[in-house]
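Trainee: Could you take me on a close look at one strand and what surrounds it? I would like a single connected walk-through, please.

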Amino acid sequence: MKFPSVPGRTTDGRRVHLPVDFEGEQTLVVLSFHPRQQSLVDSWRGFANELREEYDHFDYYELFVTGGNSGMLPPTTMGGLSPSNARRRLDDNTVFVPVDKNAFQRRLGIVGEQTIYAFLVEDGEVVRQAAGVLNSTTAEALESLLEEYEHAQGRWSEMGGDTAEESSGG
């Protein structure tokens with residue numbers, strides 16, 4: 001399944017368009033819908049940052065999905081210093097995504113906002129997903145996928161294969 005194409009804004013105010021602006025070849029995206037879910041997001045953050053240091057091809061983003069059915073947002077939702085945003089611990093990789101939540105959830109095949117969701121994205125495609133707090137089984141599976149990808153890329157390079165960038169003249 002394709003990761004939905006959505007606009008967003010980083011914590012420093014930079015506009016991005018996802019998944020085009022994801023920087024990793026494999027990107028972990030953790031979605032949350034409410035500030036009260038921050039502790040669930042935090043369960044992924046430390047591990048994801050360790051993986052970013054270990055795997056050059058990997059990146060991590062926290063998407064805070066805002067908006068309702070109309071997509072209209074109050075100004076503080078985009079990171080203004082309301083009391084709730086000031087208390088929320090934001091990562092440099094946090095992106096505010098103002099979308100119609102119901103449509104966004106349907107496109108990702110998720111139901112409701114009761115928990116957070118994590119997606120591993122490669123070339124705009126969702127290849128794995130999980131819900132809720134990070135546990136050891138999910139962490140091991142994610143690390144295994146990153147290792148397999150890295151080994152496959154290494155074998156491809158050893159065989160003389162071009163990367164997508166090289167073959168496109170990039």
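Mentor: Happily; here is a walk that begins with the chain as a whole, settles on strand S5 and then visits some other spots.

A word on the ground rules: this is a predicted model, in which local features need pLDDT of at least 70 and side-chain atom pairs count only at pLDDT 80 or more, while totals for chains, interfaces and linings use all residues. Residues are numbered from 1 along each chain as its sequence is written, and side-chain values use heavy atoms, with hydrogens and water left out.

The chain has five helices and seven strands; these are DSSP runs numbered from the N terminus, with at least four residues for a helix (H or I) and at least two for a strand (E). Along the sequence they come in the order β-β-β-α-β-α-β-α-β-β-α-α. Of the 170 residues, 43% are buried, where buried means under 20% relative accessible area, exposed means over 50%, and partly exposed lies in between (1.4 Å probe, protein chains only). Among contacts with a separation of 6 or more, 72% join residues 24 or more positions apart; a contact here means heavy atoms within 4.5 Å.

Now to your strand. S5 covers residues 94-98, and four of its five residues are buried, so the rest of the structure largely encloses it. Two strands count as paired if DSSP finds at least two bridges between them. S1 (residues 6-10) pairs with S5 in the antiparallel sense over two bridges, whereas S4 (residues 58-66) runs parallel to S5 and is joined to it by five bridges. Valine 95 is a good residue to click on: threonine 10 stands opposite valine 95, and leucine 63 stands opposite valine 95 too.

Stay with S4 for a moment. Glutamate 62 sits in this strand and is buried, with a relative accessible area of 3%. Its side chain makes a polar contact with the side chain of tyrosine 60 at 2.9 Å. Polar contact stands for a pair of N or O atoms within 3.5 Å; within protein, one must be able to donate a hydrogen and the other to accept it, and residues adjacent in sequence count only if both atoms are side-chain atoms.

Next, the aromatic rings. The structure holds six aromatic pairs. Phenylalanine 3 and phenylalanine 119 form one that is edge-to-face, at 6.5 Å centre to centre with 75 degrees between the planes. Phenylalanine 3 lies in the segment before S1 and phenylalanine 119 in strand S6 (residues 117-122), so the pair ties together parts 116 residues apart in sequence. Both of these phenylalanines are buried. Rings of Phe, Tyr and Trp (its six-membered ring) pair if their centres lie within 6.5 Å, with planes under 30 degrees apart called stacked, over 60 edge-to-face and the rest tilted. One aromatic cluster is formed by Phe3, Phe22, Tyr61, Phe104 and Phe119.

Finally, look at glutamine 37, in the loop between strand S3 (26-32) and helix H1 (38-54). Glutamine 37 is buried at 3% relative accessibility. Beyond its neighbours within four places in sequence, glutamine 37 is in contact with Ser32, Glu113, Gln114, Thr115 and Ile116. The side chain of glutamine 37 reaches the backbone oxygen of threonine 115 at 3.3 Å. For contrast, arginine 52 in helix H1 is partly exposed, at 28% relative accessibility.
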